[in-house]
Amino acid sequence: ALPICSSDLLVTKFTLQLLRLLVVGKKEEDVSIPGGVVSLSFGAMMALHVCTFSCQVAAAYYRKALQSLPLFLGSGALMQVLLCGVFFDEFGGFGQKRAVEFLGGFGLVLAGMVATSMAATNTVEDDEVPAEVLVGAKPVFV
């Protein structure tokens, strides 16, 4: 699922760049895009959007949505940042200070995902509460 979601952002960014070149063009140069490339890229982008949504639905189906979706989206975002940063050479201009700042932020997001996954495994399900504990419990209306 993770490669699908990461590829989704990569193809989306590529498609938007193609559309920008097609509409605006490039300064001082004539840009010719082969026929069908934009349509093919747009179709791939839409297919990957549907696949990503399907992966999110599957993640919510197999685990509780409040536990699995943040992990799914967080891991997808991290992978997308790395994949697109390398593919589009967005890290090339990083100096030492900027690299440390980026890695610090990346590490914080990773730490948050680890904390979320650990908290998700330590919670008690409503179905797992022993009946003895529920005896005498007062109903709460929200």
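This report describes the salt bridges and aromatic pairs of the structure shown above. The model is predicted.

**Salt bridges**

Across the whole structure, a search finds two salt bridges. In one of them, the side chains of Glu90 and Lys13 meet, with a distance of 2.1 Å from N to O. Glu90 belongs to the loop between helix H3 (65-87) and helix H4 (96-121), while Lys13 belongs to helix H1 (residues 2-23), so this pair ties together parts that lie 77 residues apart in sequence. Glu90 has a relative accessibility of 38% and counts as partly exposed. Its partner Lys13, at 26% relative accessibility, also counts as partly exposed.

Another salt bridge joins Lys97 and Glu101, whose closest N and O atoms are 3.6 Å apart. Both residues sit in helix H4, and because they are four residues apart there, about one helical turn separates them. Lys97 is exposed, with a relative accessible area of 64%; this value places Lys97 in that class because exposed means over 50%. Glu101, with a relative accessible area of 48%, is partly exposed.

**Aromatic pairs**

The search of the whole structure also finds four aromatic pairs. One of these is formed by Phe91 and Phe102, and its geometry is tilted, with 5.1 Å from centre to centre and 50° between the planes. Phe91 is located in the loop between H3 and H4 and Phe102 in helix H4, so the pair ties together parts that are 11 residues apart in sequence. Phe91 is partly exposed, its relative accessible area being 26%. Phe102 likewise counts as partly exposed, at 24% relative accessibility.

Phe102 also pairs with Phe94 in an edge-to-face arrangement, where the centres are 5.8 Å apart and the planes stand at 65°. This pair is classed as edge-to-face because its angle exceeds the limit of 60 degrees. Phe94 counts as partly exposed, with 24% relative accessibility.

The two pairs described here are set out below.

| Aromatic pair | Centre to centre | Between the planes | Arrangement |
|---|---|---|---|
| Phe91 and Phe102 | 5.1 Å | 50° | tilted |
| Phe94 and Phe102 | 5.8 Å | 65° | edge-to-face |

Phe91, Phe94 and Phe102 are joined by Phe106 in one aromatic cluster.

**The loop between H3 and H4**

Two of the contacts described above involve this loop. Glu90, in the loop between helix H3 and helix H4, takes part in the salt bridge that ties to helix H1. Phe91, in the loop between H3 and H4, takes part in the aromatic pair that ties to helix H4.

How values were computed. Residues numbered from 1 in each chain as written. Predicted model: local features only at pLDDT ≥ 70, side-chain atom pairs only at ≥ 80, totals over all residues. Heavy atoms only, no water. Salt bridge = Lys/Arg side-chain N within 4 Å of Asp/Glu carboxyl O. Buried < 20%, exposed > 50% of the residue type's maximum accessible area, 1.4 Å probe, protein only. Phe/Tyr/Trp six-rings, centres within 6.5 Å; stacked < 30°, edge-to-face > 60°.
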